[in-house]
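Open the structure in your viewer and keep the sequence panel visible. The tour below goes from one selection to the next and says what is there.

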Amino acid sequence: MRHTVNRVLPYTPEQLLAMVGDVDAYPRFIPWITSMRTWNLHTQPDGASTIDSEATVGFSFLRERFSTRARRDPTTNEITVRLLSGPFKRLYNHWRFSPHPDGAAVAFEIDFEFKSALLDGLLRANFHHAVDRLIQCFEDRAAALYARKR
């Protein structure tokens, strides 16, 4: 399943990169992420960094863990996330934050498939709604963090 979302938000690309890159904070504003553990942070001389994380997600009847590696690049204002382990055959997402006259243009792409046909089928029916809800969580977080700092 693949989906792309484009938005313009009234914040700087740097603010949004910092917010999305702060994976340790995800359980505080994404309701279905019940815990997050990070390790293996490496920062390159150019400022780009990678970090590994394990998220536990919980929905009404489903509880899963998965691990990813995120690459955060402040020179391009991009974050790329790839699967390390978990219930997915594949998981990839990419954030790009570009300057815009009204703040920042946000481009978010997600592509994944569960190993389980049952889970894949269940999510397929609600996929676009789930992605929209995820993006709304990030928009709400940005408003809470940066509304007074514009």
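The stops that follow cover the sheet, its hairpins, the helices and the core of this predicted model.

**The sheet**

Begin by selecting the seven strands, which form an open sheet. Going across the sheet, the order is S1-S7-S6-S5-S4-S3-S2, and the pairing is antiparallel. Now colour S1 and strand S2 (33-43), which stand at the edges. Each has a single partner strand, so one side of each is left without a neighbour in the sheet. From one strand to the next, the twist averages 15°.

**S3 to S4**

Select strand S3 (residues 49-58) together with S4; the two run antiparallel and are joined by ten bridges. To find one place along this pairing, show Asp52, which stands opposite Arg69 in S4.

**S4 to S5**

Keep S4 and add strand S5 (residues 78-85). These strands pair in the antiparallel sense, over seven bridges. Asp73 and Glu78 of S5 stand opposite each other. S4 and S5 make a hairpin with four residues between the strands. Which residue in this hairpin takes a positive phi? Select Asn77, where phi is near 55°.

**S5 to S6**

Move on to S5 and S6, antiparallel strands joined by five bridges. Show Thr80 and its bridge partner in S6, His94. Then show Val81, which stands opposite Asn93 in S6. The hairpin of S5 and S6 has two residues between the strands. Gly86 lies in the turn, with a positive phi of about 140°.

**S6 to S7**

Next come S6 and S7, which run antiparallel with twelve bridges joining them. Two residues link the strands in a hairpin. Select Pro99 and look across to Ala104 in S7, which stands opposite.

**Helix H3**

Select residues 117-146, which make up helix H3. Its end C-alpha atoms are 40 Å apart. Why does that agree with the length of the helix? At 1.5 Å a residue, the 30 residues of H3 should span 44 Å, which agrees with the distance between its ends. Centre the view on Asn126, where H3 bends by about 65°.

Now show the side chains of the buried residues of H3, among them Leu119, Phe127, Val131, Leu134, Ile135, Phe138, Ala142 and Tyr146. The buried set also includes Asp120, Glu139 and Arg141. To see what the buried residues of H3 pack against, add strand S1 (2-9), helix H1 (13-21) and helix H2 (26-29). Strands S4 (63-73), S6 (88-100) and S7 (103-114) belong in the view as well, since they too are packed against by these residues.

**The core**

Where are the residues with the most contacts inside the largest nonpolar core? Select Leu16, Tyr26, Ile30, Trp95 and Phe138 to see them; the core has 43 residues. Helix H3 gives the most to this core, with nine residues.

For the last stop, keep Leu16 alone and show what surrounds its side of the model. Leaving aside neighbours within four places in sequence, Leu16 is in contact with Leu9, Tyr11, Phe97, Ala104, Val106 and Ala142. Ala104 was met earlier, opposite Pro99, and Ala142 is one of the buried residues of H3.

Terms used
Residues numbered from 1 in each chain as written. Predicted model: local features only at pLDDT ≥ 70, side-chain atom pairs only at ≥ 80, totals over all residues. Heavy atoms only, no water. Core = buried A, V, L, I, M, F, W, Y, C linked by side-chain atoms within 4.5 Å. Buried < 20%, exposed > 50% of the residue type's maximum accessible area, 1.4 Å probe, protein only. Contact = heavy atoms within 4.5 Å. Expected span 1.5 Å × (residues − 1). Bend = angle between axes of the 7 residues up to and from the residue. Pairing = 2+ DSSP bridges. Axes fitted to C-alpha atoms, helices over the stretch in contact; angles between N-to-C directions.
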